[in-house]
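Got your viewer open? Let's take a walk through this one, selection by selection.

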Amino acid sequence: MPHLVESAKHKRPDVAENLVDFDVSLRERYVSKLRPLIKAEAKKNKCGHKTFGEAEVRVRKPKEFLRKNTRITPPKPEVDQCHGKGIGKPVPPVPKHVVPKAPVVQEKNFRADNVVNAMRSRARQPVPRYVLTRRGDTRLLEPSGTVPRYALKKGYGKVPKYLQKRLKDCQKQQKVEEEGKDPAETATRALSEAERTELIEGLKKNWEEAETAYQRLPLIIETPSMLRRKIMLEKKLTQLENDITFLEKHEYIYIYDDENSS
């Protein structure tokens, strides 16, 4: 292939006289003066093992495997076991850890125990049944009604305790009627004026305390507990008002005396 040279003489004749032929291939390449020194420095600091390894590595034979205790290890330096203030003094030996022996437990003879339990135990009795049909269908005997189940109980044929108590009350009532005394008259007494006044004052004091607690409730009740408290106070106030009205309306009031009623 002929060497091609770029030129503009044939395109611009007027400029061709001022142009100088410039051949790129004939120009000398620039080479640094320090190039040999740089190459020598790069080869000096490079090692083959740090890149791709050695060029040729000898392969070991199968019999040349690593054997026990053949590794070359450097000797360990001798160091005195002394630290801090006790330099030069012997260190006391470490106490040995003594494991306490477990107590000797006698082995249990399970075979002998099983034999004794089998001798003392009662034989398991079969569930009593009766044959219902000629084909051999059986049913349980106890719920059939043919066995005296309730007749064998301890309380069979005896009067229950609540009936005995009822009988005693009837006998006591009959004895009082025979004597001609009214049990209501013997068990009650008239309430005196002082007791009646004291009772009314106590009820009014309780009403004032309940009214104060009711007035302290918030106007807007949001929780269920506050709602229950409001209902309870309203019932209590109503009951106290009824009791006060009843005591103020009636002058003669009879009450049951605990001593006479017992």
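Here is the tour, from the whole chain down to single residues.

**Stop 1: the whole chain**

Before clicking on anything, keep in mind that this is a predicted model. Colour by secondary structure and you should find 8 helices and 4 strands. Going along the sequence, the order is α-α-α-β-β-α-α-β-α-α-β-α. Now switch to colouring by accessibility: of the 262 residues, 6% count as buried. As for contacts between residues at least 6 apart in sequence, 43% of them join residues at least 24 apart.

**Stop 2: the helix pair**

Select 193-215, which is H6, and 224-249, which is H7. How far apart are the axes of H6 and H7, and at what angle do they pack? The axes are 9 Å apart, and the angle is about 155°. An angle over 145 degrees counts as roughly antiparallel, so that is what H6 is relative to H7. The crossing of the two helices is left-handed.

Next, show side chains where the two helices meet. On the H6 side, pick out residues including Leu199, Trp207, Ala210 and Tyr214; across from them, H7 brings residues including Leu233, Leu237, Leu240 and Ile244. Charged residues turn up in both helices too, among them Lys204 and Glu211 in H6 and Arg229 and Asp243 in H7. By class, this contact counts 12 nonpolar, 1 polar and 10 charged residues.

**Stop 3: the nonpolar core**

Keep the helices on screen and select Leu191, Ile200, Leu203, Leu240, Ile244, Leu247 and Ile253. Those 7 residues form the largest nonpolar core. H6 and H7 each supply at least two of its residues, and H7 has the largest share, with 3. For background, nonpolar side chains in soluble globular proteins tend to be buried together.

Zoom in on Ile253 from that set. Which residues does Ile253 touch, once those up to four places away in sequence are set aside? They are Arg189, Ala190, Leu191, Arg196 and Leu247. Two of these, Leu191 and Leu247, are also listed in the core.

**Stop 4: Glu248**

Now click on Glu248, which sits in H7. Is Glu248 buried, exposed or partly exposed? Its relative accessible area is 43%, so Glu248 is partly exposed. Beyond its neighbours within four places in sequence, Glu248 is in contact with Arg196, Ile200 and Lys204. Try a C-alpha distance from Glu248 to Ile200: the two are 48 residues apart in sequence and 7.7 Å apart in space.

**Stop 5: Val131**

Jump to residues 129-131, strand S1, and select Val131 there. Val131 counts as exposed, at 56% relative accessibility. Setting aside residues up to four places away in sequence, what does Val131 touch? The list is Gly136, Asp137 and Thr138. For another distance check, go from Val131 to Leu141, 10 residues apart in sequence; C-alpha to C-alpha, they are 9.3 Å apart.

**Stop 6: Asn69**

Last selection: Asn69, in the loop between H2 (35-44) and H3 (110-120). Look at the backbone torsions here: Asn69 has a positive phi of about 60°, although this residue is not a glycine. Turn on the surface as well, since Asn69 is exposed, with a relative accessible area of 74%.

Definitions and conventions:
Residues numbered from 1 in each chain as written. Predicted model: local features only at pLDDT ≥ 70, side-chain atom pairs only at ≥ 80, totals over all residues. Heavy atoms only, no water. Core = buried A, V, L, I, M, F, W, Y, C linked by side-chain atoms within 4.5 Å. Buried < 20%, exposed > 50% of the residue type's maximum accessible area, 1.4 Å probe, protein only. Contact = heavy atoms within 4.5 Å. Axes fitted to C-alpha atoms, helices over the stretch in contact; angles between N-to-C directions. Parallel < 35°, antiparallel > 145°, perpendicular 65-115°, else oblique. Left-handed = near helix turned anticlockwise from the far one by under 90°. Nonpolar A, V, L, I, M, F, W, Y, C, P; charged D, E, K, R; others polar.
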